[in-house]
Amino acid sequence: MSVTFYQYPKCGTCRKAKKWLEDHKVDVNSIHIVENPPSKETLKDLHSKSGLELKKFFNTSGQKYRELGLKDKLASMNEDEMLDVLSSDGMLIKRPITTDGEKVTLGFKEEQFEQIWN
């Protein structure tokens, strides 16, 4: 199995997820989410395949999220506006994002990885 793995190398959660994938012999194509953030179209595709609410794609604990006051703004934004904001800065996106082109996971929960990527 091969996955695309959007990650920030300094992120501890990303490192744990990547180690889990490598330990389970999953071929990982790593993409630095800050240097090469996913495009609006890619995010739209990942969102539709994830089955999650779009606001789950935001890194709510990030400094940039707080600086932009997104907590208060998201409720009044439509999907298109949210995608514009997400695609503008990789630090705004919850990470890691793992996908095989069909399935998508956000963040790292070992039991979720066991079910989906094992």
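Which residues are buried in helix H2 (residues 40-50)? The close-ups below take that up, along with a strand residue and two cysteines. This is a predicted model, where local features need pLDDT of at least 70, side-chain atom pairs count only at pLDDT 80 or more, and totals for chains, interfaces and linings use all residues. Residues are numbered from 1 along each chain as its sequence is written, and side-chain values use heavy atoms, with hydrogens and water left out.

**View 1. The two faces of helix H2.** Leu-43, Leu-46, His-47 and Ser-50 are the buried ones (buried: under 20% relative accessible area, exposed: over 50%, with a 1.4 Å probe, protein chains only). They sit on the same side of H2 because they cover an arc of only 100° around the axis (taken from the directions from the helix axis to the C-beta atoms). Turned away from that side are exposed Glu-41 and Ser-48. Helices here are DSSP runs of H or I, at least four residues, and strands are runs of E, at least two, numbered from the N terminus.

**View 2. What covers H2.** The cover over its buried residues includes E1, helix H5 (79-88), strand E3 (97-99) and strand E4 (104-106) (contact: heavy atoms within 4.5 Å). Just after H2, Gly-51 has a positive phi of about 75°.

**View 3. Gln-7 in strand E1 (residues 2-7).** Gln-7 counts as buried, at 8% relative accessibility. Leaving aside residues up to four places away in sequence, Gln-7 touches several others, including Cys-14, His-32 and Pro-96.

**View 4. Cys-11 and Cys-14, without a disulfide.** The sulfurs of Cys-14 and Cys-11 are 3.2 Å apart, too far for a bond (a disulfide needs sulfur atoms within 2.5 Å). Cys-11 is buried at 12% relative accessible area, and Cys-14 is buried at 0%.
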